[in-house]
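Reader: I should like to go through this structure with you, beginning with the side chains. May I put some short questions?

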Amino acid sequence: MITVDISNIWGELSLPELLSVEKDVFDAHMMLTEKSGPGCDFLGWMDLPDRFPTAEHVRILAAAEHIRQTSEVLVVICAGGAETAPRAVMELLQGPGRNIGKGKGDPVILFTGDHLSTRSWNELTRLLEGRDFSICMVSRTGAELESAVAFRNLRWMLERRFGTARAKRRIYAVTDPDKGALRQLVREEGWESFSFPANVQESFSVLTAAGLLPMAVAGIDITALLRGAAMAKKELALHSFENPVWLYVGVRQLMQLRGRSV
C-alpha cells in the first residue's frame, strides 16, 4: 500500500481537527464508490481494474508485440489527458531518457501532443525519417483538429512509404466502440481498433487501451500493472484514517480551508 507522510502538518493542524472531518471523508468515499455524486457518468475508470483480463487485453498484447517486431517508432496521436498518464508511467518506470538508443524490438514512443506547432511537426518528421514506424490514433470521436491534422499527415507518410495495403497494418485506433468519425473510418479501412469507454474521461484513461497499448509497446508489463491496480483498489477500500487516501484527503481539505491551496 502507498504511504502518506503528514509529519509536517502538525504545527498547523491538530489530531482532533483531523478526526473532525472523518464523516466528510467517509461521505465523499461512499459518493465515489456508489457513483452517486456530480459527474458520476464519468466514473468508469473505477471499474477498469475489475474487468481484467478481457479479450481486448489479449488483443492489445498481440498488437503491441506486432508493433515491437515491425516498427522502430510508435507515434501516439492524442490530445489532452490521454497523453499524460502513459507518458508519466513510462518515465516513472523507464526514466526520462527512455527513448534514447531504442529501435526495432524496443520502439521509441513519441506523442504528437495537443498543438499545431510547426517546429514540433518538423522535429517529429525528422525523427521518423528513414525509420519504420506505426501510428496509434487515440480519440473518442476523431474530431479534434490537432489530432485529425497529425493523423492525416502521418497516414499519408505511411501510405507513401509502404503502400496503402501495407500501411493499414501499421495504423491503430482507440475510439468510441460504436459511433464517431474515427469509428466510421475504422469500419471503412479495416484498421485494428480498441474501445475508448464512453464513461471514462481522457485524463483517467491510463488503464484503457489508450494507455495500455503504448505502454505495452514500450516494454512495460501491463498485465502486472492491471493486477497491481486491482490489488490497490481492494487495499484502498478501507474506511478509516489507516487508509492513506483518507489521510491525504482529510489533511488536504483542512489545509484548503486555511487558505493553503498549493
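Reader: Is glutamate 202 buried, partly exposed or exposed?
Author: This is a predicted model. Glutamate 202 has 27% relative accessibility and therefore counts as partly exposed.

Reader: Which residue forms a salt bridge with glutamate 202?
Author: The partner is arginine 140, and the closest N and O atoms are 3.7 Å apart. Arginine 140 sits in the loop between β3 and α6 (145-162), while glutamate 202 belongs to the loop between β5 and α9 (209-217). The pair links distant parts of the chain, 62 residues apart.

Reader: And arginine 140, buried or exposed?
Author: Arginine 140 is buried, because its relative accessible area of 16% falls under the 20% limit.

Reader: How many salt bridges does the count come to?
Author: The count comes to 17 salt bridges. One of them joins arginine 68 and aspartate 106, with 3.4 Å between the closest N and O atoms.

Reader: Which parts does that pair tie together?
Author: Arginine 68 lies in helix α3 and aspartate 106 in the loop between α4 (81-94) and β2, so the salt bridge ties together parts that are 38 residues apart in sequence. Arginine 68 counts as buried at 17% relative accessibility, whereas aspartate 106 is partly exposed at 28%.

Reader: What about lysine 179; which side chain does it meet in a salt bridge?
Author: Lysine 179 meets aspartate 176, at 3.5 Å from N to O. Lysine 179 is exposed, with a relative accessible area of 57%, but aspartate 176 is buried at 4% relative accessibility. Elsewhere, Arg155, Glu159, Lys168 and Glu189 are joined into one network by salt bridges that share partners.

Reader: Turning to the sheet, what is the order of the strands?
Author: The sheet is open and has five strands in the order β2-β1-β3-β4-β5, paired in parallel. Its edge strands are β2 (108-111) and β5 (192-195), each of which pairs on one side only. From one strand to the next the twist averages 20 degrees.

Reader: How many bridges pair β1 with β3?
Author: Five bridges hold the parallel pairing of β1 (residues 73-77) with β3 (residues 133-138). Within β3, methionine 137 stands opposite isoleucine 77.

Reader: Where does helix α3 pack, and which strands does it touch?
Author: Helix α3 (residues 55-70) packs on the sheet and touches β1, β3, β4 (171-175) and β5. The direction of the helix makes about 140 degrees with that of β5. Arginine 68, discussed above, is in this helix.

Reader: A change of topic: where is the place of methionine 1?
Author: Methionine 1 is in the segment before α1 (15-20). With 52% relative accessibility, methionine 1 counts as exposed, because the limit for that class is over 50%.

Reader: Which residues is methionine 1 in contact with, leaving aside its neighbours within four places in sequence?
Author: Those residues are Glu235, Leu236, Glu242 and Pro244. By contrast, arginine 187 is 43 Å away from methionine 1, C-alpha to C-alpha, and 186 residues apart in sequence.

Reader: Which residues make the nonpolar surface patch?
Author: The patch is made by Met1, Ile2, Val245, Tyr248 and Val249, and its area is about 450 Å². Of these residues, valine 245 is found in helix α11 (residues 244-257).

Reader: And how does valine 245 count, partly exposed or buried?
Author: Valine 245 counts as partly exposed, at 35% relative accessibility.

Key:
Residues numbered from 1 in each chain as written. Predicted model: local features only at pLDDT ≥ 70, side-chain atom pairs only at ≥ 80, totals over all residues. Heavy atoms only, no water. Pairing = 2+ DSSP bridges. Helix = DSSP H or I, 4+ residues; strand = E, 2+ residues; numbered from the N terminus. Axes fitted to C-alpha atoms, helices over the stretch in contact; angles between N-to-C directions. Contact = heavy atoms within 4.5 Å. Buried < 20%, exposed > 50% of the residue type's maximum accessible area, 1.4 Å probe, protein only. Patch = residues over 30% accessible without salt bridge, like charges linked within 9 Å, V, L, I, M, F, W, Y side chains within 5 Å. Areas by Shrake-Rupley, 256 points an atom, 1.4 Å probe, with all protein chains shown as cover. Salt bridge = Lys/Arg side-chain N within 4 Å of Asp/Glu carboxyl O.
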